[in-house]
Amino acid sequence: MGSWKWPVVFVLLDISLQVAAQSDIQVSIFSATSKTVILRWTRYSGASSYKLSAALKNSPNNPISFVTFGPNTVMGSISSLSQEVEYILTVEALDAYQIALSSALIETSTALDMMEPIRNVKPKDSRTLMAEFNLKTGATHYIIRVENSDGFFREDTALSSPAEIEDLSPYTDYSLSIMAVNSMGRSQPSAPVTARTVLPPPHLSSSSPSNDSIVLSWDPVAHAVQYTVSIFKFDFNTQSMYNTSNTTLTLPGLDAGSLYIITSSAWDPEGREGEESLHVNQTTRPPTPSSVNVSVLRNNDVAGLSVSWEVDPELHGPIHYVVMSDQNLTCNTSSGSCRLSAVGCGEVHTIQVTAWNQAGPSCPSTPVVFITFPCPPESLALVETSEGNCTLTWNIVPHADSYEASIKRGDGVEETCNTTGNNCTYHCQCGYTYLMSVAAINQAGSRPEGGVLNYTAAPCCPESVSVSVVSAETLEIMWTASRGAELYQTRTADGSEVILCNDTAPVCALSDLRCDSTYSVVVTPCNEISGCNRACKAHSKDTAPCTPTNLMLSPQNSSTVSVSWTSNNRAATYTVSTEGDDGKHTCITSGNSCDVTDLPCGSIYEFSVIATSDAGQSLSSFSHSLETDPCCPTNLTVDQVTQAMTNVSWSDARGARSFITSLMSPHGHARCHTQDSHCLMGCITCGTNYTVTMETYSHSGRMSNCTYQGFSSSLCCPSGVKLYRAASDSVRVFWRSTGGNHSSIAEMLSNSNNYTCTASPGENSCDFDNVQCGDVYRVVAAPLTAGGGRVPFCPQRLYSVTCSGSNVGTVIYRGKRSLE
């Protein structure tokens, strides 16, 4: 038991622990080998001893071995078993008479037998050995015991062959044995075998001192007698091998700017190759840039030198280029071009390009000498050699092969002049501003402009000048805006005075001029730089005629007014305008008076006069108002209200504010003054013909006489009307005759009886028969009009007719009542 290691025992215990069937005593497997099984059980009260027996599983009732233990033992072993055989083990608690008090069963197997020694051991690297062995039937895994010169080292678990044994020391001897393991435990260790690890890998350091070589170095490896270096180019299948006993090595004849993969290994005195080193990636330095080209490049008016060269696309990794000029200018790039910024004119640069990669710089390129563009000419001057022609001159500058003059006109038109001299002539037009510059040119190809000369020609004369009259004292001058003009000076004169108008707009109004006069107008364009152009032509224009004055109105009759005025125009026609309620009336004349006719009644008119000539129209004269006579009413009606009173009414009359209406006859007259359209008039005589007239008055007191159809008052009513009893049942109405050739009518009216009688012309009485007595009668006698109508204004008398028996009795007068 002393040969077992406790850590392994507990592993087996965890794997093999089983609990017996339910009983008073419990048993479990503590450990097992190929020949022995150790059991552990619980104490049983009253037991004098314990018996441990073993039987084959296929013959559980035939024990083949047993062993007994004292009452205080709870763990025991049974030996002399066969390897890899299944058994049933029984533990019994016995009393003093060897009678079983309790028992427990458990099934188990013995462990595997010893394995064969490890078949082959070879190094994988300097810290790993590969062990090959024959597998064992029934083994769940294997344990390899590793020992060094100091004795036991460690145990590694393996699941199959071959197995890797790692974390060893380089170039060291080891003794290896193997054990098979199943659920019951491990077998005995096999016979050991011995193996040695190989040398560790060199630790390489690399650099590229030139674009065709790489230098390697490493620290010496203990026990190494030789080193092998392997190198191959990236993306190529060719490989080169180098052997050396030194710790440095130079690899020549390589391709510039290429990536090389390098490994190394050390050889021990036994001729074994050690572990290969990690790959070292080393790039050779890039090749020297070639075909360097230099040109001028501008960006936002800043000039620089664009330097370009050929780039080999096959070079490995990022390549960085540095461009340097002897004028302390540098630029960096990873492409095939670079810009040296802020170069000046007339400079001489010596330029070289160096390529860099992670290995270092290449050799600088062949120097390129480059002369920048020449400086721009100075002292620009302009001379007008003749009308419309200008000559631009400048100074000669160094490094210039030729010159290009640029003349930019204000409308965008550009003219260039190329010359090897120092002047150019061009056509300069009026009204344009010219920007002139000169660039010097050489083989650098750039043409920077120098100072700009600004020249503005005199402004052009305005075109389409029109002068129009806007009033008697104002002329409006309009023209098309002229090129180059910033201000226009308009000048007018009539021989005695000069009037000026300054404005930036192409229009001007010259006011406070004399009417009916001739003026000469000149529009002069000016600008601040070149002044005014005084060569523009004049334009003549007459002002409008003067306004008529002293307007006078003289009514000729009710519809005609004579208008006169004062005027001193040279040649004009005059239009008299009359504005009223009914519209406009005019008359035209070349004199100073005119009659306006056909003016209707009842209107108010405004009279004014305007003078017109070829130059235009004058202002209107002050207006005067005139009111025509009011109109007469179209319709007038006279209605008799009573025998002595009438009501006169009439229609509206335009312009009339008050009315005086008159009824005239040889027997007298009636008169009414009112602002209404009707009038009540008394003192009318019956049976009389009247003449009807009216006077209408306007607001200002103008009057019109109106005559209408005559009016005849109604016939006179009879007087002395009386009622008499005539016969037994008759009464008579009597009246005084009014004369005239008309009939009369008499009426007796009561609430129950009505009697009517008509008397012929000249008669003055009328009899009523069969009159009902005992009633009160209203008695009326009235003349009849030519149309047969009764005059409605005659008065009535009241009479009571009494009865005398059945006949008419006394007739009693009750008084007089007007007719209702």
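Asp235 counts as exposed in this predicted model, because its relative accessibility of 65% is over the 50% cut-off. The residue sits in a loop, with strand S18 (226-233) on one side and strand S19 (239-244) on the other. Its backbone is also worth a look: Asp235 has a positive phi of about 70°, although it is not a glycine.

A second aspartate can be described in similar terms. Asp598 has a positive phi of about 60° and, again, is not a glycine. Its place is in the loop that links strand S50 (593-596) with strand S51 (604-613). With 60% relative accessibility, Asp598 counts as exposed.

Another backbone feature is found at a proline. The peptide bond leading from Ser161 to Pro162 is cis, and its omega is near -5°. Pro162 belongs to the loop between strand S11 (151-158) and strand S12 (163-165).

From the loop of Asp235, the chain continues into strand S19 (239-244), and Thr244 is found in that strand. Thr244 is buried because its relative accessible area, 12%, is under 20%. Leaving aside residues up to four places away in sequence, Thr244 touches Trp218, Gln226 and Tyr227. The side chain of Thr244 also reaches the backbone nitrogen of Asn246, at 3.0 Å.

Gln226 and Tyr227 appear once more among the neighbours of Ser265. Ser265 has its place in strand S21, which covers residues 259-267. A relative accessible area of 3% is under the 20% limit, so Ser265 is buried. Beyond residues up to four places away in sequence, Ser265 touches Pro202, Gln226, Tyr227 and Thr228, together with Glu273, Gly274, Glu275 and Glu276. With one of these, Glu273, there is a polar contact between side chains, at 2.5 Å. A very different separation is seen towards Ile610: this residue lies 345 residues from Ser265 along the chain, and their C-alpha atoms are separated by 128 Å.

The surface offers a nonpolar patch of about 240 Å², made by Val348, Val369 and Ile371. Val369 is placed in strand S30, which spans residues 368-371. Its relative accessible area of 59% is over 50%, so Val369 is exposed.

Stepping back to the whole chain, the secondary structure comprises 1 helix and 68 strands. The radius of gyration is 77 Å, whereas a compact globule of 820 residues would have one near 28 Å. Along the principal axes, the C-alpha atoms fill a box of roughly 200 × 125 × 35 Å.

How many of the 820 residues, as a percentage, count as buried? The share is 43%, and Ser265 and Thr244 are among the buried residues. The chain exposes about 41800 Å², of which carbon and sulfur atoms supply 47%. Considering contacts with a separation of 6 or more, 58% are accounted for by residues 24 or more positions apart. The touch between Ser265 and Pro202 and the one between Thr244 and Trp218 give a local view of how residues meet in this model.

Key: Residues numbered from 1 in each chain as written. Predicted model: local features only at pLDDT ≥ 70, side-chain atom pairs only at ≥ 80, totals over all residues. Heavy atoms only, no water. Helix = DSSP H or I, 4+ residues; strand = E, 2+ residues; numbered from the N terminus. Buried < 20%, exposed > 50% of the residue type's maximum accessible area, 1.4 Å probe, protein only. Contact = heavy atoms within 4.5 Å. Polar contact = N/O pair within 3.5 Å; in protein donor to acceptor, adjacent residues only side chain to side chain. Patch = residues over 30% accessible without salt bridge, like charges linked within 9 Å, V, L, I, M, F, W, Y side chains within 5 Å. Areas by Shrake-Rupley, 256 points an atom, 1.4 Å probe, with all protein chains shown as cover. Salt bridge = Lys/Arg side-chain N within 4 Å of Asp/Glu carboxyl O. Rg over C-alpha atoms; globule rule 2.2 N^0.38 Å.
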